[in-house]
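Student: Hi! Please take me closely through one part of this model, and spell out each cut-off as you go.

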Amino acid sequence: MGKSTAVKRDVYFRAAKEEGYRARSAYKLLQLAEQFQLWDSVERCVDLCAAPGSWSQVLSQKLKAEVPAADGSAKIVAVDLQPMAPLPGVVQIEGDITKPSTAEQIISHFKGRRADLVVCDGAPDVTGLHDLDEFVQAQLLLAATNITLQVLRPGGTFVAKIFRGRDIGLLYDQLRCFFDRVTCAKPRSSRNSSMEAFVVCEGYREQPDTPDLTKPLLDFVDISDYATPTADKRLNRLKGSIRVIAPFVACGDLSGFDAEMHAPLLPKDSAKDAPPAPAYREFLELRRASALAANAPQP
Ligand code: SAM
């Protein structure tokens with residue numbers, strides 16, 4: 001199905017078309033990177049939930065991925081359930097980020113080394129049932145966090161999409177157990193009307209018994225299991241955390257375009273780039289004509 005006129009007039013949608021990005025979300029990563037200097041000392045990076053690949057395009061350009069690493073290992077590994085068109089220097093894994101084997105595949109492409117940066121723009125298919133969508137998104141983020149704790153080097157950075165729902169405070173608490181700084185950031189290109197934001201977690205602190213996909217963070221623990229030493233230990237991990245209120249930062253050029261801003265309407269006589277007529281225009285004209293005919297005075 002074609003894009004709506006509102007989407008076509010979106011400034012970031014147009015900019016992405018002009019600059020050859022596969023999706024407007026490229027600008028979210030660019031604005032986050034500018035605010036948090038994400039590219040500093042990054043040699044290896046993982047793009048979780050990468051398709052169609054606009055974040056991988058940005059990473060490939062910024063990390064000069066077309067120049068291979070000296071030891072032949074990958075610089076950028078992109079993972080998604082769906083395949084995507086190839087990009088210079090980006091190794092693709094068609095896989096599920098909730099599976100432990102995916103983490104192993106990522107590390108194998110880095111020849112056993114860990115990533116300096118992990119980004120995740122994951123979003124499940126939306127059902128329209130608000131509570132269910134929020135739950136599935138939270139599960140995806142949990143999977144991204146678990147995989148990140150396994151593939152990120154100490155001191156590294158994790159950036160992930162979140163929806164600022166009711167339980168977001170708990171997520172900040174959990175992330176603060178493993179990272180020195182956790183910030184909630186809203187790039188200018190992310191629509192104000194959307195609950196979407198990004199957590200930027202800096203300074204990864206690996207700890208003994210760090211969760212991963214085989215012993216995940218906040219995995220469901222059967223209540224009868226609580227007495228077992230392992231479950232007890234796992235729950236205890238979260239006891240020491242203090243309530244964290246993550247600072248909120250708006251990023252991107254604040255005097256520039258915001259995501260609700262539309263490109264100007266073209267003059268009426270301008271055929272070039274004009275929004276196409278809706279497919280149902282002919283139907284509307286016919287209906288109008290028959291309504292007029294029905295209301296016309298009878299001879
Ligand atoms: N960052 C991408 C870009 O700039 O082109 C856009 C990502 S898109 C919003 C969300 C992606 O998450 C979809 O391509 C979807 O296939 C992927 N996804 C959802 N669940 C996933 C899972 N369990 N494992 C891997 N990818 C997943």
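Tutor: Happily! Let's start where Gln 37 takes a positive phi of about 45°, just after helix α3. Helices (H or I, at least four residues) and strands (E, at least two) are DSSP runs, numbered from the N terminus. This is a predicted model, in which local features need pLDDT of at least 70 and side-chain atom pairs count only at pLDDT 80 or more, while totals for chains, interfaces and linings use all residues. Residues are numbered from 1 along each chain as its sequence is written.

Gln 37 sits in the loop that links α3 (26-36) to strand β1. Gln 37 counts as exposed because it has 11 C-beta neighbours inside 10 Å. The cut-offs here are 20 or more other C-beta atoms within 10 Å for buried, 12 or fewer for exposed, and anything in between for partly exposed, with C-beta atoms placed from the backbone. For a sense of distance, the C-alpha atoms of Gln 37 and Arg 191 are separated by 22 Å, with their positions 154 residues apart along the chain.

The helix before this loop is a different story. Eight of the eleven residues of α3 are buried, so the helix is largely enclosed by the rest of the structure. Those buried positions include Ala 26, Tyr 27, Lys 28 and Leu 29.

Following the chain past the loop brings us to β1 (residues 45-48), where both faces are covered. Cys 45 and Asp 47 lie on one side, Val 46 and Leu 48 on the other, and all of them are buried. In a regular strand the side chains alternate between the two faces of the sheet.

What does β1 pair with? One partner is strand β2 (residues 76-80), which runs parallel to β1 and is joined to it by four bridges; strands are said to pair if DSSP finds at least two bridges between them. In this pairing, Leu 48 stands opposite Val 79. β1, helix α4 (residues 54-62) and β2 form a right-handed β-α-β unit, meaning that, with the strands pointing away from the viewer, the path from the first strand over the helix to the second runs clockwise.

β1 also pairs with strand β4 (residues 115-120), again in the parallel sense and over four bridges. Here Cys 45 stands opposite Leu 117, and Leu 48 faces Cys 120. β4 is mostly covered, with six of its six residues buried.

Ala 115 is a good residue to zoom in on, as it belongs to β4. Ala 115 is buried because 27 other C-beta atoms lie within 10 Å. Its contacts (C-beta atoms, placed from the backbone, within 7 Å), leaving aside neighbours within four places in sequence, include Cys 45 and Val 46 as well as Val 151, Leu 152 and Arg 153. The C-alpha atoms of Ala 115 and Leu 152 are separated by 4.8 Å, although these residues are 37 apart along the chain.

β4 in turn is joined to β5 by five bridges, and these two strands run parallel. The chain gets from β4 to β5 through helix α6 (residues 130-151), in a right-handed β-α-β crossover. Across this pairing, Val 119 stands opposite Val 159.

β5 (residues 152-163) also holds Lys 161. UniProt, in an unreviewed entry, lists Lys 161 under "active site"; such positions are given in the numbering used here, feature names are shortened, and annotations may be inferred rather than shown by experiment. Lys 161 counts as buried because it has 22 other C-beta atoms within 10 Å. Beyond its neighbours within four places in sequence, Lys 161 is in contact with Cys 120, Asp 121, Gly 122, Ala 123, Glu 196 and Phe 198.

Asp 121 turns up again around the ligand: of the 22 residues there, Asp 121, Cys 49, Ala 51, Ser 54 and Ile 97 come nearest. A residue counts as near if its C-beta atom, placed from the backbone, lies within 6 Å of the molecule. α4 and β2 each supply at least two residues of this shell.

To set this part in context, the protein has nine helices and eight strands. Buried residues make up 35% of its 299 residues. Among contacts between residues at least 6 apart in sequence, 72% join residues at least 24 apart.

Key
Contact = placed C-beta atoms within 7 Å.
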